[in-house]
Amino acid sequence: NAILLRYFNPVGAHPSAEIGELPIGVPQNLVPFITQTGIGLRKELMVYGSDYPTADGTCVRDYVDVRDIAQAHLVAANATGAIPPIINVGTGRGASVREIIKLVLEATNKTDTKIIETDRRAGDPAFLCADVTLAKSAMGFESKYALEESIRSLF
């Protein structure tokens, strides 16, 4: 049997530093871009779109802690009984690009990070969060770490 755990925006780090935000090459998600800009590896942070129909105009995404993702894999591997083949892993709650930037910059005490707002990227939805109902009902899994804790774990 096989199971696919689907998640979008991993964030955070394990205290061992074995898993976390250290991508090889160009990051593929927001948090490493912010941290790399904050420490000077990148000159500026691009925000793609500020006119979405969200509270602050930026995209909203579900950010799930890497420790929760690791735990979800263990729960899935040890599951007994019938498990659906595809399960979303996340928090079921969203945070906007601006909220994430604010949390990271507060955690690093950076106030001089250059942020440039530009046009939306083609195809980016305004809101994209995991429906975690199946993870809870089929595996008994719920994310444990709050977003603020995940961000603090990076530093």
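Which side chain meets that of Arg121 in a salt bridge? It's Asp124, with N and O 2.9 Å apart. Keep in mind, as you go through these close-ups, that this is a predicted model.

**View 1. Arg121 and Asp124 pair up through their side chains.** Side chains of opposite charge can pair when their charged atoms come close. Arg121 has a relative accessible area of 47%, so it's partly exposed. This pair belongs to a bigger story, since a search of the whole structure turns up seven salt bridges.

**View 2. Arg98 and Glu117 form a salt bridge between a helix and a strand.** Here the N to O distance is 2.6 Å. Arg98 sits in helix 3, while Glu117 belongs to strand 8 (residues 115-118), so the pair ties together parts that are 19 residues apart in sequence. How accessible are the two partners? Arg98 is partly exposed at 30% relative accessible area, and Glu117 is partly exposed too, at 43%.

**View 3. Lys102 and Glu106 make a salt bridge within helix 3.** Their closest N and O atoms are 2.8 Å apart. The two residues are four places apart in the helix, which means about one helical turn separates them. Lys102 counts as exposed, with 51% relative accessibility; Glu106, at 46%, counts as partly exposed.

**View 4. Nineteen is the number to remember for the largest nonpolar core: it has 19 residues.** In soluble globular proteins, nonpolar side chains tend to be buried together. The residues with the most contacts inside this core are Ile34, Tyr63, Ile100 and Leu147. Which elements give it two or more residues? They are helix 1 (30-38), strand 3 (45-48), helix 3 (97-108) and helix 5. Helix 3 gives the most, with six residues. Apart from this core lies another one, of ten residues, including Val64, Ala135, Met139 and Phe141.

**View 5. Ile34 touches several residues farther along the sequence.** Skip anything up to four places away in sequence, and Ile34 touches Leu45, Ile100, Ile101, Val104 and Leu105. Ile100 is worth a second look, because both Ile34 and Ile100 are among the residues with the most contacts inside the largest core.

**View 6. Ser150 is tucked away in helix 5.** Is Ser150 buried or exposed? With just 1% relative accessibility, it counts as buried. Helix 5 covers residues 147-152. Leave aside neighbours within four places in sequence, and Ser150 is in contact with Val11, Gly12, Ala13, Asp65, Arg67 and Tyr145.

**View 7. Three strands line up in an open sheet, in the order 7-4-9.** Strands of a sheet pair through backbone hydrogen bonds, either parallel or antiparallel. In this sheet the pairing is mixed. Strand 7 (95-96) and strand 9 (127-128) are the edge strands, each pairing on one side only. Strand 4 (residues 60-61) pairs with strand 9 in the parallel sense, over two bridges. For a residue to look up, try Arg61: its bridge partner in strand 9 is Leu128.

**View 8. Cys59 and Cys129 are not joined by a disulfide.** A disulfide is a covalent bond between the sulfur atoms of two cysteines. How many does the structure hold? Zero. For Cys59, the nearest cysteine sulfur is that of Cys129, 11 Å away. Cys59 is also buried, at 5% relative accessibility.

How values were computed
Residues are numbered from 1 along each chain as its sequence is written. This is a predicted model: local features need pLDDT of at least 70, side-chain atom pairs count only at pLDDT 80 or more; totals for chains, interfaces and linings use all residues. Side-chain values use heavy atoms; hydrogens and water are left out. Buried means under 20% relative accessible area, exposed over 50%, partly exposed in between (1.4 Å probe, protein chains only). Contact means heavy atoms within 4.5 Å. Two strands pair if DSSP finds at least two bridges between them. A nonpolar core is a set of buried Ala, Val, Leu, Ile, Met, Phe, Trp, Tyr and Cys residues joined through side-chain atoms within 4.5 Å. A salt bridge is a side-chain nitrogen of Lys or Arg within 4 Å of a carboxyl oxygen of Asp or Glu. A disulfide is a pair of cysteine sulfur atoms within 2.5 Å.
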